[in-house]
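Trainee: I am new to this one. Please show it to me, and let me ask how each label is earned.

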Amino acid sequence: MDIIISNSSGKPIYDQISAQIKEMILTGALQTGDALPSMRLLAKELRISVITTKRAYEELEREGFIVTMTGKGSFVAEKNTERIKEEYLKKIESHMKELISLSGACDLSIADLQEMLALLYEEESTGGI
């Protein structure tokens with residue numbers, strides 16, 4: 001499992017791990033029923049504390065992304081479409097906030113943004129034709 005830890009991100013390591021596993025689940029890189037590495041193995045691979053990986057797995061389980069079976073390990077949970085949609089909406093909202101901030105820096109109006117969005121949306125939906 002390719003997880004990259006950044007000590008300079010300002011984000012806790014357990015949060016970086018859970019966010020990356022969540023992303024793998026959302027994008028389909030990890031499928032329902034796929035086994036995750038044991039907490040000990042992941043901690044060893046990332047050279048971090050088992051407590052940190054335990055916290056990441058607990059967060060993923062609490063949010064419904066994985067299930068843990070004592071003695072068997074942790075597995076990707078059955079996809080909850082509402083939860084997945086909510087995660088994507090949070091990402092979109094975050095990107096929109098950044099967009100608003102950037103547009104304010106160069107005096108773009110909401111009409112300009114709507115026009116840009118409409119053009120890009122049309123371009124993407126037609127495959128760039």
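Mentor: We will go through helices, salt bridges, a surface patch and two loop residues.

Mentor: This is a predicted model, where local features need pLDDT of at least 70, side-chain atom pairs count only at pLDDT 80 or more, and totals for chains, interfaces and linings use all residues. Residues are numbered from 1 along each chain as its sequence is written, and side-chain values use heavy atoms, with hydrogens and water left out.

Trainee: Why is helix 1 called oblique to helix 3?

Mentor: Helix 1 (residues 13–27) and helix 3 (residues 50–62) pack at an angle of about 45 degrees, and their axes are 8 Å apart. That angle makes helix 1 oblique to helix 3. Here are the cut-offs: under 35 degrees is roughly parallel, over 145 roughly antiparallel, 65 to 115 roughly perpendicular, and the rest oblique. Helices are DSSP runs (H or I, at least four residues), strands are E runs of at least two, and both are numbered from the N terminus. Axes are lines fitted to C-alpha atoms, for helices over the stretch in contact, and angles run from 0 to 180 degrees between N-to-C directions.

Trainee: What makes helix 2 and helix 3 oblique to each other?

Mentor: The axes of helix 2 (residues 39–46) and helix 3 cross at roughly 120 degrees and come within 8 Å. Helix 2 and helix 3 are therefore oblique to each other.

Trainee: Which hand does the crossing of helix 2 and helix 3 have?

Mentor: The crossing of helix 2 and helix 3 is right-handed. The crossing of helix 1 and helix 3 is right-handed too. The term means that the near helix is turned clockwise from the far one by less than a right angle; anticlockwise would be left-handed.

Trainee: How do you know that lysine 22 forms a salt bridge with glutamate 63?

Mentor: The closest N and O atoms of lysine 22 and glutamate 63 are 2.6 Å apart. A salt bridge needs a side-chain nitrogen of Lys or Arg within 4 Å of a carboxyl oxygen of Asp or Glu. So the pair of lysine 22 and glutamate 63 qualifies. Lysine 22 lies in helix 1 and glutamate 63 in the loop between helix 3 and strand 1 (66–69), so the pair ties together parts 41 residues apart in sequence.

Trainee: How many salt bridges does the structure hold?

Mentor: Six. One of them joins lysine 54 and glutamate 58, at 2.5 Å from N to O. Lysine 54 and glutamate 58 are both in helix 3, four residues apart, about one turn of the helix. Another pairs lysine 90 with glutamate 87, at 3.3 Å from N to O. Lysine 90 and glutamate 87 are three residues apart in helix 4, so about one helical turn separates them.

Trainee: Which residues are linked in a network of salt bridges?

Mentor: Lys22, Glu63, Glu87 and Lys90. The C-alpha atoms of glutamate 87 and lysine 22 are separated by 9.2 Å, although the two are 65 residues apart along the chain.

Trainee: Why is glutamate 87 called buried?

Mentor: Its relative accessibility is 11%. Buried means under 20% relative accessible area, exposed over 50%, and partly exposed in between (1.4 Å probe, protein chains only). So glutamate 87 counts as buried. Lysine 22, also at 11%, is buried. Lysine 90 has 47%, so lysine 90 is partly exposed.

Trainee: And what makes lysine 54 partly exposed?

Mentor: Lysine 54 has 39% relative accessibility, so it falls in the partly exposed range. Glutamate 58 is partly exposed as well, at 36%.

Trainee: Which residues form the nonpolar patch on the surface?

Mentor: Tyr88, Leu89, Ile92 and Met96, with about 370 Å² of accessible area together. Patch members have over 30% relative accessible area and no salt bridge; nonpolar side chains (Val, Leu, Ile, Met, Phe, Trp, Tyr) are joined within 5 Å, like charges within 9 Å. Areas come from the Shrake-Rupley method with a 1.4 Å probe; for residues, only the protein chains shown count as cover. Methionine 96 lies in helix 4 (residues 81–105). At 45% relative accessibility, methionine 96 counts as partly exposed.

Trainee: What is notable about phi of arginine 47?

Mentor: Most residues other than glycine have a negative phi. Phi of arginine 47 is near 60 degrees, a positive value. Arginine 47 lies in the loop between helix 2 and helix 3. Its 78% relative accessibility makes arginine 47 exposed.

Trainee: Where is aspartate 107 found?

Mentor: In the loop between helix 4 and helix 5 (110–125). Phi of aspartate 107 is positive, near 55 degrees. Aspartate 107 is exposed, at 70% relative accessible area.
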